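Let's work through a few short exercises together, one step at a time. Keep the sequence and the 3D view open while you read.

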Amino acid sequence: MDDSVAERIKSDITSNDVVLYMKGTPVFPQCGFSSTVVQVLTHLGVKFKGIDVLSDPSIREGIKQFSNWPTIPQLYVKGEFLGGCDIVREMYQTGELQELLSNNGIDVQIKA
Amino acid sequence: MAMDAALIESLIKESIPDADVRIEDLRGDGDHYAAYVESATFKGKTRVQQHKMVYDALQGRMGGELHALALQTSVPKDA
C-alpha cells in the first residue's frame, strides 16, 4: 500500500470519532452490508463520516490491508477497527455497541 | 461466482479442527451463505480476532469468489 493512502486512512480515522468505509454513500448505499451498518448507526443517532470506497480504488484496497480484513464495510470508532457488518449487527443486538459508543463519549440518541 | 457449501465447511474444519460448523445457503444460489462457527479456540478472543480466524481458514476467498458470508462465531458453553 502506498504510504499516502495509509496516511489518509490514519488521518480520517483519528480526526473523526466514527468512520464507516462503505460502498456508496450514507444516503445511497450500494451494497446491502454497507446499508445495514448505516441503518444501525442512523437508528442510534450516531454522527459518522462515510467514506465511499467505490469512488477511490486505492482506498478500497488500502483499507483492507490497513485492517487486515477482507471485506467492506468497516467501522472505526476512535481510530480502532470495530468490525464489519456481522459484528456491528451482533453488537447492536446485544447492546454492546451502544455501550462501547457511550464509553467512548459518543452521543447515542436512539430514534423511535 | 459461486462456492460450494461443503468446501467452505471443510476449509474451516481443516484450519479449526474442533469447530462445529453450520452453513446455510441463504438464497439457494450458492453465493450467499451464513456460517455459524463454534470453537473452544475462540475463547478469550475478540469478535474481530474470531472472524479473522475464519477468514484465514478460507484462504483469501472471502471478499473474492465468496461475496456474501454472514458470519457468527461463538465459544462452546463448557469451554
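Two strands pair if DSSP finds at least two bridges between them. Keep that cut-off in mind, and remember that this is a predicted model.

**Exercise 1. Find the strands that pair with β1(A), and give the sense of each pairing.**

Step 1. Start with strand β2, residues 49–52 of chain A: β1(A) pairs with β2(A) in the parallel sense, over 4 bridges. To see one of the partners, look at A:Met22, whose bridge partner in β2(A) is A:Asp52.

Step 2. Now turn to β3(A), which pairs with β1(A) in the antiparallel sense, also over 4 bridges. Here A:Val19 has A:Tyr76 as its bridge partner.

Step 3. Go back to β2(A) and add the helix α2(A): together with β1(A), they make a right-handed β-α-β unit.

**Exercise 2. Place these elements in the overall fold of chain A.**

Step 1. Count the elements: chain A has 5 helices and 4 strands.

Step 2. Read them in sequence order, and you get α-β-α-β-α-β-β-α-α.

Step 3. Check the size. A compact globule of 112 residues would have a radius of gyration near 13 Å, and chain A agrees because its value is 13 Å. Along the principal axes, its C-alpha trace spans about 40 × 25 × 20 Å.

Step 4. Look at the contacts with a separation of 6 or more: in chain A, 64% of them join residues 24 or more positions apart.

**Exercise 3. Is β1(A) mostly covered or mostly uncovered?**

Step 1. Recall the cut-off: a residue is buried if 20 or more other C-beta atoms lie within 10 Å of its own. In chain A, 36% of the 112 residues count as buried.

Step 2. Apply this to the strand: 5 of the 5 residues of β1(A) are buried, and the strand is mostly covered.

Step 3. Sort the residues by direction. A:Val18, A:Leu20 and A:Met22 point one way, while A:Val19 and A:Tyr21 point the other way.

**Exercise 4. Which element gives the most residues to the largest nonpolar core?**

Step 1. This core has 28 residues, and A:Val19, A:Leu20, A:Tyr21, A:Met22, A:Val37 and A:Val88 touch the most other members.

Step 2. Several elements give two or more residues to the core, including α1 (3–15), β1 (18–22) and α2 (32–43) of chain A.

Step 3. The answer is β1(A), which gives 5 residues.

Step 4. Finish with one residue: leaving out positions up to four places away in sequence, A:Val19 touches A:Asp12, A:Ile13, A:Phe48, A:Lys49, A:Ile51 and A:Tyr76.

Note on methods
Residues are numbered from 1 along each chain as its sequence is written. Chains are lettered from A and ligands numbered from 1 in the order in which they are written. This is a predicted model: local features need pLDDT of at least 70, side-chain atom pairs count only at pLDDT 80 or more; totals for chains, interfaces and linings use all residues. The radius of gyration is taken over C-alpha atoms; the globule rule is 2.2 Å times the number of residues to the power 0.38. A residue is buried if 20 or more other C-beta atoms lie within 10 Å of its own, exposed if 12 or fewer, and partly exposed in between; C-beta atoms are placed from the backbone. Two residues are in contact if their C-beta atoms, placed from the backbone, lie within 7 Å. A nonpolar core is a set of buried Ala, Val, Leu, Ile, Met, Phe, Trp, Tyr and Cys residues joined through C-beta atoms within 7 Å. A crossover is right-handed if, with the strands pointing away from the viewer, the path from the first strand over the helix to the second runs clockwise.
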